[in-house]
Number of protein chains: 2
Amino acid sequence: MTPETIQAAHDRIRPYIHRTPVLTNHTLDALAGCEIYFKCENFQKIGAFKARGGLNAVLQLTPDELRAGITTHSSGNHAQAIAYAARQVGAPAYIVMPRTAPQVKKDAVLGYGAEVIECEPTLEAREMGVQAVIARTGATMIHPFDDDRVIAGQATAAKELIDDAGQDVSFDWILAPVGGGGLLSGTALSAHYFSPTTKVMAGEPEGAADAVLSFKSGKVEKAPYIDTIADGLMTNLSERTLAIIRQHVSDIKTVSETEIVAAMRLIWERMKIIIEPSCAVPFAVVLKHKDLFAGHKVGIILTGGNVDLGKLPF
Amino acid sequence: MTPETIQAAHDRIRPYIHRTPVLTNHTLDALAGCEIYFKCENFQKIGAFKARGGLNAVLQLTPDELRAGITTHSSGNHAQAIAYAARQVGAPAYIVMPRTAPQVKKDAVLGYGAEVIECEPTLEAREMGVQAVIARTGATMIHPFDDDRVIAGQATAAKELIDDAGQDVSFDWILAPVGGGGLLSGTALSAHYFSPTTKVMAGEPEGAADAVLSFKSGKVEKAPYIDTIADGLMTNLSERTLAIIRQHVSDIKTVSETEIVAAMRLIWERMKIIIEPSCAVPFAVVLKHKDLFAGHKVGIILTGGNVDLGKLPF
């Protein structure tokens, strides 16, 4: 992927996304011992950065493909992203969701005019659901991260962060969380192309620690166990995202559930903004490894703000 | 109070406050049937608009007064506002707080270097506590709302809202919540002087409905009963604030606890920002009286974001 690919993605999706603000906070800087710039994708369309990747893929489909529609399976933000992107181009969307997904997430997808197909909450059932949709409609499947168009779309978040910081701020680090690796791959590519002196680090929950293993072994590994509040980060990498991450990411560090919740609470209390547990993970890494970041300029992608207010960890 | 008084207050406090953003949200506009501009004082220093009034009063004290220090009694944002303002000018601050106030609020005041004097949770004990501080130190008492300097400071929030909306937006309405009436008085004065075609309305909880009675009778009344989650709005008006409100406010409308919590939840979920229950009250009024605001441009002061995340109503 070239810098032109990411620039083209940005030009393509710009009319449909918010240029989200970059916020700073003196109290959190003092706590962390560095200068943090938070890229607020919790304020993005659909409440998460996934709108970027979904749009960049959907906007490159042919008229014939759009007529047949778009499908994916997701219990989370990618479902809304595809439903939202499909609505922008007037294409039908068929979203396969586990029947256990919160009603509020199903309602959000329905609200964008998509069809929701419920399935059992297993990966097999989800993939079979998508196959059935394709057999019935001829729809095009858009994967949540194993897709260069999606990665290029997610890359635009870090690109904006770098652009908006201006000439005065040269980031020593940019941090993102890692689930399937779409955001992390895109972030690493944008840093590599648009801010070559910036190093990229990922944060991962101890309770979904697959990427840190894959990063070391060079093979796509599974997590030893899955138990985390950061429900956006449970997925494994793909060969595609692992290759980009191995090439352009400096390190991946894990944090405990206690550290994630404490970091999330600090951001809620001090910045007065609502973020998902997943996006507290990189800030938890910074608080845990203050020596690494001392005095540095640090960008953090806050990935989304879609939380169930009825189930908070406080 | 003249427009010059408010302009001077703004010039005086500007170096010490944030120019908070004005946010809009398509989904909430669609729900409400009007165009809402939210002035986000939840992002203000100390997490609430009270920083404005506290600063404007403290910054007008003489060197002798500052040397003796500043005192007030408050269980809430005014305590932090005075502690913060005192620190900016290097003056000692003595804050009388009920022993039942949440530790997190006491810690915040201590964090600004103020001395906290605990007392029993009654108005009498609080006032005696302040008298004892004054006898001991000669400190100057700054009242949370019954003070023209404080009112002029609070007025700067609406002034910024009007200024930042620019020539293109002429507000039909500006709404603020009403407790002691400092913010509402200031808001009404700023609208009167800086946007004379704008009407001002207040929202008040049914469970602290003193201002709506006072507004009608012309005397400072007490609420029939006090029972509301909007803990910043339990106070009565003073003669001073009632006079300004009677002259410059169009109406005061009450909302139920259910309406307050529903409005608060909508703002949290859709805007991804944290607001106190008190500042959901005006938005609840707009949702309850859609006919009054249909198609109008409506400014709402979101007063603060200091909530106890361990005690949420969701």
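Mentor: Two residues are in contact if their C-beta atoms, placed from the backbone, lie within 7 Å. This is a predicted model, in which local features need pLDDT of at least 70, side-chain atom pairs count only at pLDDT 80 or more, and totals for chains, interfaces and linings use all residues. Residues are numbered from 1 along each chain as its sequence is written, and chains are lettered from A in the order in which they are written.

Trainee: How many residues of chain B are in contact with chain A?

Mentor: 14 residues of chain B touch 14 residues of chain A.

Trainee: By what turn can chain B be laid on chain A?

Mentor: Copies are superposed by least squares on the C-alpha atoms of residues with pLDDT of at least 70 in both. Here a turn of 179° and a shift of 0.0 Å along the axis lay chain B on chain A with an RMSD of 0.0 Å. That is the relation of a two-fold axis. In chain B, the C-alpha of B:Ile273 is nearest the axis, 2.1 Å from it.

Trainee: What is the strand order of the open sheet in chain A?

Mentor: Strands of a sheet pair through backbone hydrogen bonds, either parallel or antiparallel. Strands are DSSP runs (E, at least two residues), numbered from the N terminus, and two of them pair if DSSP finds at least two bridges between them. The four strands of chain A follow the order S5-S4-S3-S6, with parallel pairing. S5 (115-119) and S6 (140-141) of chain A stand at the edges, each with a single partner strand, so one side of each lacks a neighbour in the sheet.
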